[in-house]
Amino acid sequence: MKKLTTCFLTLVFLSACNTENSNIPLPEEQSELTTFKRDIISRALGDAPNFAQTANGNFSAVVSRGYGRGAKAGAIIEFLYPLYARDHLWDAYNGIYYNDKLSWFHEMNLLKQSVKDDTGIIISEFKSKDNKLNLKTSDVALRDSDTLVRHLEITNKSNETINNLKLFFYEFLTVNYLGAGDSLSFEPEKGVLNHSGSNVNFTVGSDQKPEQWQAGGAENLLTNAYDARKDAEDGKLKNNLSSKGGAGLGVNGNLGHSLKSLKAGEKFVINYYISAGKNSQESFNNYNSARAKKWENIEQQELSFWKNWLAKAKKPVGTDERINRVYRRALITLKQDTANNGAVIASPTLLTPVYAFTWPRDGSVTASFLAS
Ligand SMILES: [Ca+2]
């Protein structure tokens, strides 16, 4: 019973636990946000944008919701590694170019965000402003490779063929927290971006070789290369092979894929990978092992891992499925916030005020004390 109570009480300390089929509360519906005493940073700058976390004990990543300070719906906004010790990511997200216009996903209409029941899979669904495309991203931390996988599906919902689509995956990794000393290169033979800082390395790639790339410099500031985000705006990347952060904001990268056409009702599917390692060989090996997996198998592996974990817990007695789902999510969150060396982390994010309001470790200890 003690364990049960701990989990229920822990939920009081958690935020952003939307699960599939539940509606996202819109900011205007959250009247309490405007009335309770706000964190001072929130009051000045707005709430943190964190939607949900996915983690494997070695790293933890966060996906943004559609509102809050600097929010970019569906963007990956934190990558804590190794063992949740340091954030290496400013943000990473997709964009699509057609009819002479680039739209980043977070500029489109956000339909829904959810966490797939009893997994760490974070789903974000969008519709293009012209209502022609549906886009769905599923982000998950792999169990057996330090890789965040993004599974992306693009469906043509219109009655006509859409020609010459170009898809982009933009990433602004800031290795070792600040990206100033980073270097970035695109490796044409492997088709991946290689991001290096001190003692941490990232491989960014997909399961399909990109036709375009850019190793860029953030805001072109004190770097030798054109900004990789701005570069995508005309649908054409400069194919620069390497960039260095210098004393500026760091380096950013972009991978571009071309779709000749998407017929009415047709769906295009691609997987992206952000793989971490101590050096370029380790991150590339992680990328390779992730790439060898089919998305269906990743989903299956994720379901069975958490099924196994949840099977160890006491079953709640006399509670309905709605409460049981919340209980299972609490158990998953507690495991996600336990590093593989046994450390239970204070908070899954470094941003305020979510940091201030999200204390699974302290909450659990308090709940456990109260329950005993
Ligand atoms: Ca360009």
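Mentor: Before we start, one term: two strands count as paired if DSSP finds at least two bridges between them. Also keep in mind that this is a predicted model.

Trainee: Got it. Over how many bridges do strand 12 and strand 13 pair?
Mentor: Strand 12 covers residues 192-196 and strand 13 covers residues 201-206. Ser196 stands opposite Asn201 in strand 13. The two strands run in the antiparallel sense, and their bridges number 4.

Trainee: In what order do the 9 strands of the open sheet come?
Mentor: Strands of a sheet pair through backbone hydrogen bonds, either parallel or antiparallel. In this sheet the pairing is antiparallel. The order is 6-7-8-9-17-13-12-11-15.

Trainee: Which are the edge strands?
Mentor: Look for strands that pair on one side only. From one strand to the next, the twist averages 15°. The edges are strand 6 (109-115) and strand 15 (242-244).

Trainee: How many bridges join strand 9 to strand 17?
Mentor: Strand 17 also pairs with strand 13, antiparallel and over 6 bridges; there, Gly205 stands opposite Tyr273 in strand 17. Towards strand 9, Thr147 stands opposite Ser275 in strand 17. Strand 9 and strand 17 run antiparallel too, and the bridges joining them number 9.

Trainee: Which helix packs on the sheet?
Mentor: The strands it touches are strand 9 (147-156), strand 12, strand 13 and strand 17 (267-277). Its direction makes about 150° with that of strand 17. The one you want, at residues 280-291, is helix 5.

Trainee: Is Ser183 buried, partly exposed or exposed?
Mentor: Ser183 sits in strand 11 (residues 183-187), and it touches Ser196, Lys244, Gly245 and Val251, leaving aside residues up to four places away in sequence. A residue needs 20 or more C-beta neighbours within 10 Å to be buried, and 12 or fewer to be exposed. Ser183 has 18 inside 10 Å, so it counts as partly exposed.

Trainee: What distance separates the C-alpha atoms of Ser183 and Ser196?
Mentor: Along the chain these two residues are 13 residues apart. In the model, their C-alpha atoms are separated by 5.5 Å.

Trainee: Which strand gives the largest share of the largest nonpolar core?
Mentor: That core has 74 residues, and Phe59, Ile76, Phe79, Ala92 and Leu193 touch the most other members. Phe59, for instance, has contacts including Phe79, Leu80 and Ala276. The largest share is 8 residues, and it comes from strand 10.

Trainee: How many residues are in the second, separate core?
Mentor: Its members include Trp306, Tyr327, Leu331 and Leu334. Tyr327, Leu331 and Leu334 are among the buried residues of helix 7. The count for this core is 6.

Trainee: What should helix 7 span?
Mentor: Helix 7 has 16 residues, 321-336. The expected span is 1.5 Å times one less than the number of residues. The end C-alpha atoms are 22 Å apart, which agrees with the expected 22 Å.

Trainee: Last one: over which residues is the pLDDT below 50?
Mentor: The protein averages a pLDDT of 87, and 88% of the residues score at least 70. Where pLDDT is low, the predicted coordinates should not be read in detail. Although the stretch you ask about has 62 contacts in the model beyond near neighbours in sequence, its pLDDT is below 50, and it covers residues 1-35.

Conventions
Residues are numbered from 1 along each chain as its sequence is written. This is a predicted model: local features need pLDDT of at least 70, side-chain atom pairs count only at pLDDT 80 or more; totals for chains, interfaces and linings use all residues. A nonpolar core is a set of buried Ala, Val, Leu, Ile, Met, Phe, Trp, Tyr and Cys residues joined through C-beta atoms within 7 Å. Two residues are in contact if their C-beta atoms, placed from the backbone, lie within 7 Å. Axes are lines fitted to C-alpha atoms, for helices over the stretch in contact, and angles run from 0 to 180 degrees between N-to-C directions. pLDDT is the predictor's confidence in each residue, from 0 to 100.
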